[in-house]
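Got the viewer open and a selection box ready? Let's walk through this one stop at a time.

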Amino acid sequence: MKSVDEHLAGILAAVPLLPPLEQALLEAAGGVLAERVEAPVPLPPFDNSAMDGYAVVAADVAAATEDKPVTLPVIGDIAAGDSGMSALRPGLTARIMTGAAMPAGADAVIPVEWTDGGTATVRITRSAPPGHYIRRAGEDVRAGQVVVAEGTRLGAPQLGMLAAVGRSHVLVRPRPRVVVLSTGSELRAPGTQLAPGQIWDSNSFMLTTAVMEAGAKGYRQATVGDEAEEVRTTLMDQLVRADAIITSGGVSMGARDVIKEIFERDGEIEFGKVAMRPGKPQGFGLLEGVPVFTLPGNPVSAYVSFQVFVRPALRAMQGLPPDHLPTLSAVLTEDVTSPDGLRHFLRGRLTSDRGEHSVAPAEGQGSHQLQSLSSADSLIVLPEDATRVPAGSRVDVMRLPS
Ligand code: AMP
Ligand code: MG
């Protein structure tokens, strides 16, 4: 029996790094930048007003007060996007809007709130130092500065930054396309009637969502029964469009464990036991170079296996560190027992009080008991050598994506 760490290490050594692609910005969202992006121009590209107000020569209004306002002639309006007023001579002012280019000669902006808002002439009741409410060219980004580093996952702020430096396309390692297939003759689609002996398929929906939560693209397939040819054909058909495939079910020791039956013969996928609970039966291999994760059918086993093995692998395929879910240390609220020699993942609920985390194990830790997973927010991780862990012990806890 392999340890969790050995099985994961084998997977990480085998999964390919996805080749970088040139993608349009919105398609690149969630991708990992495979180049370093520099600003071709400074940002802002020109000095501009930080407020709606009046562009002035600061010295002209140095004496302005509530009691002795300074009145200046208004020579025009400068809106954001205007190509720019040539220059402002001393003794004059122009109305200026936020983001509009400062006219040459002006060295401060008086916000409209400090004036009577006049359009022909304006009464200014407060002074301002030179530079007041001016956003200087380059004060956000210098020309040539690296604005997004290679290896960065592109979230909303990074996409905004790339657009702000004028990029319409970037080179990224895209989000992996992951096909999810549930197998089992007992499975029916939610929304249909169940006959005796049947259950609704939950794994394919859960795993497809987990794929998306992990930052990849999930494609759920219709479930297939335990028919060897049908399962093989379906999987082979998906290879062309998949960067990875996840199956659930059919990997234990039963007479109809179809996934194992069809892929064990030719050795493309290696099946075995991993020292963990839940999730002991596992399989992994490359089919025509595409990583295939064959997860056990019990829903909690499938989910835990996804978080422990598949999520880090999907990250590695994009060139990200293959981190586990964020892990913190918490105090256990109840005694628990744990199987000797197996890494034990218990569903838990975290609470925190002034920075101190506590975790309560959920009722119902069977690997078929999905309700306790759906109301959990974390997985308590007990090491292989733990057998009895008393209340008050410190344990590692993985926070589930929320
Ligand atoms: P298996 O790994 O195929 O032996 O399945 C183990 C258990 O998980 C059985 O009770 C199955 O009915 C159940 N199971 C398998 N696949 C799914 C699924 N997609 N949704 C819900 N339960 C499943
Ligand atoms: Mg089955």
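What follows is a tour of a predicted model, going from domains to pockets, then helices, then a few backbone oddities.

**Stop 1: colour by domain**

Give each domain its own colour: domain 1 is 4–18 + 176–317, domain 2 is 31–43 + 144–173, domain 3 is 48–135, and domain 4 is 327–399. Now keep domain 1 and domain 4 on screen. Their C-alpha centres sit 25 Å apart, and the contact draws on 16 residues from domain 1 and 15 residues from domain 4.

**Stop 2: the largest pocket**

Stay with those two domains. Where does the largest pocket lie? Both domain 1 and domain 4 contribute lining residues, so the pocket lies between them. The space inside comes to about 620 Å³. To land at its centre, select G249, S252, P296, G297 and N298, the closest to that point among the 38 residues of the lining.

Next, show the secondary structure around it. At least two lining residues come from each of β15 (199–200), α6 (258–264), β18 (269–273), β20 (281–287) and α7 (299–317). Which of these gives the most? That is β18, with 3 residues. Colour the lining by class and you get 18 polar, 10 nonpolar and 10 charged residues.

**Stop 3: the second largest pocket**

Select M206, T209, A210, E213, Y303, L370, L373, S374, A376, L400 and P401, and you have the lining of the second largest pocket. Its volume is about 210 Å³. This pocket also lies between domain 1 and domain 4, because both give residues to its lining.

Helices α4 (203–213) and α8 (370–374) each put at least two residues into this lining, and α4 is the top contributor with 4. Switch to class colours here too: 8 residues are nonpolar, 2 are polar and 1 is charged.

**Stop 4: helix α1**

Go to residues 4–14, which make up helix α1, and show the side chains of V4, H7, L8 and I11, its buried residues. Turn the view until you look straight down the axis. The buried residues of α1 stay within an arc of 95°, so they line one face of the helix. What is packed over them? The cover includes β19 (276–277), β20, β21 (290–295), α7 and β24 (343–353). You have already met β20 and α7 in the lining of the largest pocket.

**Stop 5: helix α5**

Now try the end-on view with α5, residues 228–238, where V231, R232, T234, L235 and Q238 are buried. These residues span an arc of only 165° around the axis, which puts them on the same side of α5. Flip to the other side and you'll find E229 and D237, both exposed. Among the elements covering the buried residues of α5 are β13 (177–182), β17 (244–248) and α6. Helix α6 is another element from the lining of the largest pocket.

**Stop 6: L43 and two cis bonds**

Jump to the loop between β3 (37–38) and β4 (48–49), where L43 is found. Is L43 buried or exposed? With 9% relative accessibility, L43 counts as buried. Select its contacts beyond the neighbours within four places in sequence: G138, E139, D140, V141, M161, A164 and V165. Pick out A164 and draw a C-alpha to C-alpha distance from L43: you should get 8.2 Å, for residues 121 apart along the chain.

While you're here, check the backbone. Most peptide bonds are trans. The one from L43 to P44, however, is cis, with omega near -10°. P44 is in that β3–β4 loop as well.

Another cis peptide bond joins R277 and P278, with omega about -10°. To find P278, look in the loop between β19 and β20.

**Stop 7: two positive phi angles**

Most residues other than glycine have a negative phi. Two spots on this chain are worth a look with that in mind. Centre on Y133, in the loop between β9 (121–124) and β10 (134–135). Y133 is not a glycine, yet its phi is positive, at about 55°. Its relative accessibility is 34%, so Y133 counts as partly exposed.

For the last selection, take R354, in the loop between β24 and β25 (356–361). R354 also has a positive phi without being a glycine, here about 45°. Turn on the surface and you'll see R354 exposed, with a relative accessible area of 80%.

Conventions. Residues are numbered from 1 along each chain as its sequence is written. Chains are lettered from A and ligands numbered from 1 in the order in which they are written. This is a predicted model: local features need pLDDT of at least 70, side-chain atom pairs count only at pLDDT 80 or more; totals for chains, interfaces and linings use all residues. Side-chain values use heavy atoms; hydrogens and water are left out. On a 1 Å grid over the protein atoms alone, a cavity is a set of points where a 1.4 Å probe fits but cannot get out, and a pocket is an open set with protein on both sides within 12 Å along at least five of seven lines; lining residues have an atom within 4 Å of a point. Grid points are joined across faces, edges and corners, and a volume is the space filled by probe spheres set on the points. Ala, Val, Leu, Ile, Met, Phe, Trp, Tyr, Cys and Pro count as nonpolar, Asp, Glu, Lys and Arg as charged, and the others, Gly among them, as polar. Domain bounds come from an automatic or database domain assignment. Buried means under 20% relative accessible area, exposed over 50%, partly exposed in between (1.4 Å probe, protein chains only). The arc is that of the directions from the helix axis to the C-beta atoms. Contact means heavy atoms within 4.5 Å.
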